[in-house]
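Q: I'm new to this one, could you walk me through a few parts of it?
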Amino acid sequence: MNTTKILLAAATALAVSGPASASTFASAILDITDFKLLHSSGADYSVANFSTLAGINDAHATASLNGAFANDADSRSILAPIPPNVAQQCLGACMPIAADTFTPIAGVPPVTTTYGHADQKLTGAAIMIGATPAGAHASTRADASTAVNAVASGNSDVGTSTTFRFVMGTSDTMTVSFMGNPYTRALVTPGSGPVSNANARLSWSINILNVTTGATELAYAPNELNAGSIRSATHAAPADLIYAPGASLFSATTGMLMAGNEYQITIQHNSLANTLQAVPEPASLAILATGLLGMGFLGRRRRG
């Protein structure tokens, strides 16, 4: 087949075809259960153990799609009877995920639509308040998807943060203990657009600062809930990458916290998922096809 025929065949194929069927998907879910602050004896800390105690639980959820945003946020005292629980956020044709659902979406591919989604829930408290035992439950999820034949991007992030200050009534150590169940997934199917990617990651940390002396008493950010959770796929290497190690016990203990000193605890808990799929628009395909046809016509004229 001569060059002109090859060009004409390519032009015809481009003119009559659209982008290949493909999708990108990312999901990040972090479920923290039975989160407690414990004495050296193993007993729960309670409000009565602090001569001063004040702080805030913050929560937020943001879903975005192609530059549009849907978000919600809530802040409440750590001693409030009901912790913050923001509304589920969605932009686009979201999967039918019920609010406060933190189980993974199954299937390959798991979605065929384009959307950004985020949700959060917090119940309980890290210390005993009144007669209620300690044991907080914090869950976050972010999902993003781009489907076929579109130039689209989806991006979701969601998180919970807690900051509170306290003064110890008596000197003691403090142990942070909880069960953590992380999950991330990044999917890019074969045939995705020439600029396609899916990324999912988690972040969780707790820091205890001695406000009186300026010393850091604890900085704990387990790898399994941070860098170890990162999953990323691109059009150059289509893949379905899943991180699902299951639930594990996590704990860390400070040195001696001195009575009369002021301390600050900061807890950060976030899930992030984003996807992008950029495929040639029909107009771009038409221009390319016209160019190829022109090259074929010019070749015939020169031979003539």
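A: What follows is a short chat about some strands and residues of this structure, which is a predicted model.

Q: Let's start with Thr-162, which strand is that in?
A: Thr-162 belongs to strand β7, which covers residues 152-168.

Q: And is Thr-162 buried or exposed?
A: Thr-162 has a relative accessible area of 11%, and because buried means under 20%, that value makes Thr-162 buried.

Q: What does the side chain of Thr-162 make a polar contact with?
A: The partner is the side chain of Asn-57, at 2.5 Å. Leaving aside residues up to four places away in sequence, Thr-162 also touches several others, including Ile-78, Ile-265 and Ile-267.

Q: Switching topic, where does Phe-50 lie?
A: Phe-50 lies in strand β2, made up of residues 50-65, and with a relative accessibility of 9% Phe-50 counts as buried.

Q: What does Phe-50 touch, not counting residues up to four places away in sequence?
A: Among the residues that Phe-50 touches are Tyr-45, Ile-127, Phe-166 and Met-174. Phe-50 and Phe-166 are 116 residues apart in sequence, yet their C-alpha atoms are 6.3 Å apart in space.

Q: Now strand β6, why is it largely enclosed?
A: Strand β6 spans residues 136-146, and 10 of its 11 residues are buried, so the rest of the structure largely encloses it.

Q: Which strands are joined to β6 by bridges?
A: One of them is β1 (residues 24-38), which runs antiparallel to β6 and is joined to it by 10 bridges, with Thr-24 standing opposite Thr-146. Strand β5 (residues 115-123) is also antiparallel to β6, through nine bridges, and there Gln-120 has Thr-140 as its bridge partner.

Definitions and conventions. Residues are numbered from 1 along each chain as its sequence is written. This is a predicted model: local features need pLDDT of at least 70, side-chain atom pairs count only at pLDDT 80 or more; totals for chains, interfaces and linings use all residues. Side-chain values use heavy atoms; hydrogens and water are left out. Helices (H or I, at least four residues) and strands (E, at least two) are DSSP runs, numbered from the N terminus. Buried means under 20% relative accessible area, exposed over 50%, partly exposed in between (1.4 Å probe, protein chains only). A polar contact is a pair of N or O atoms within 3.5 Å; within protein, one must be able to donate a hydrogen and the other to accept it, and residues adjacent in sequence count only if both atoms are side-chain atoms. Contact means heavy atoms within 4.5 Å. Two strands pair if DSSP finds at least two bridges between them.
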